[in-house]
Amino acid sequence: QVQLVESGGGLVQAGDSLRLSCAASGRTFGTYAMGWFRQAPGKEREFVTRISWSGLSIYYADSVKGRFTISRDNAKNTVYLQMNSLKPEDTAVYYCAANFGGYSPRTVGYWGQGTQVTGSS
């Protein structure tokens, strides 16, 4: 069993940066792929990024490629999402996800409670 707790959301202006953190409990954290999804009002939850357990394989949605960076520290059971050059369309609730291998939220084994990121122009 893995429990995920996100932090770091907030209100930002276009062009700002923000870093989200996701702290995980559970001894198997280091064996899981981790990542982030987001859900904007009225829209479906969408894939943002995924990092393998080793950190060697990383995938990004086209919409965030070049602006967002995912990383993980297995010693601290934490995964991070550095978001730069934020845009108003990045506004969403960001969810930490664990144990998934694809891009669909249906493949995710564990979810965090979500953290709100609101961007303004």
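**Notebook: strand β9 and the loop before it**

V93 was my starting point, and I found this residue in strand β9. The model I am reading is a predicted one.

**Entry on V93.** I listed the contacts of V93, leaving out residues up to four places away in sequence: F37, R38, Q39, G114, T115 and Q116. I then looked up G9, which is 84 residues from V93 along the chain, and found the two C-alpha atoms separated by 8.6 Å.

**Entry on T91.** I went back along the chain to T91, in the loop between β8 (78-83) and β9 (92-98). Is T91 buried or exposed? I take T91 as buried, because its relative accessibility is 18% and the cut-off for buried is under 20%. I noted that a polar atom of the T91 side chain lies 2.8 Å from the backbone oxygen of P88. A polar atom of that side chain also lies 2.8 Å from the backbone nitrogen of G119. Setting aside residues up to four places away in sequence, I have T91 touching A40, Q116, V117, T118 and G119. Q116 had already come up in my list for V93.

**Entry on D90.** D90 is in the loop between β8 and β9 as well. I read a relative accessible area of 1% for D90, so this residue is buried. Which side chain does D90 meet in a polar contact of 2.8 Å? I found that of R67. Beyond four places in sequence, I recorded R38, R67, F68, S85 and V117 as the residues D90 touches. R38 is also on the V93 list, and V117 is also on the T91 list.

**Entry on R67.** I followed the D90 contact to R67 and placed this residue in the loop between β6 (58-60) and β7 (68-73). R67 has a relative accessible area of 11%, and I therefore enter this arginine as buried. Besides the polar contact with the side chain of D90, I found a polar atom of the R67 side chain 2.9 Å from the backbone oxygen of S85. I also checked the spacing of R67 and S85: they are 18 residues apart in sequence, and their C-alpha atoms are 6.1 Å apart. With residues up to four places away left out, my contact list for R67 holds Q82, M83, N84, S85, L86, K87 and D90. S85 appears on my D90 list too.

**Entry on the whole chain.** I counted 11 strands and 0 helices in the protein chain. Read from the N terminus, the order of elements is β-β-β-β-β-β-β-β-β-β-β. Along the principal axes, I have the C-alpha atoms filling a box of roughly 40 × 25 × 25 Å. I compared the radius of gyration, 13 Å, with the value near 14 Å for a compact globule of 121 residues, and the two agree.

I also looked up burial, and 43% of the 121 residues are buried. Of the contacts between residues at least 6 apart in sequence, I note that 54% join residues at least 24 apart. The chain exposes about 6,200 Å², and I have carbon and sulfur atoms supplying 48% of that area.

Last, I checked charge. How far apart do the centres of the positive and negative side chains lie? With 12 positive and 8 negative side chains, I found the centres of the two sets 6 Å apart.

Methods:
Residues numbered from 1 in each chain as written. Predicted model: local features only at pLDDT ≥ 70, side-chain atom pairs only at ≥ 80, totals over all residues. Heavy atoms only, no water. Helix = DSSP H or I, 4+ residues; strand = E, 2+ residues; numbered from the N terminus. Buried < 20%, exposed > 50% of the residue type's maximum accessible area, 1.4 Å probe, protein only. Polar contact = N/O pair within 3.5 Å; in protein donor to acceptor, adjacent residues only side chain to side chain. Contact = heavy atoms within 4.5 Å. Rg over C-alpha atoms; globule rule 2.2 N^0.38 Å. Areas by Shrake-Rupley, 256 points an atom, 1.4 Å probe, with all protein chains shown as cover. Lys, Arg positive; Asp, Glu negative; His and termini not counted. Charge placed at Lys NZ, Arg CZ, Asp CG, Glu CD.
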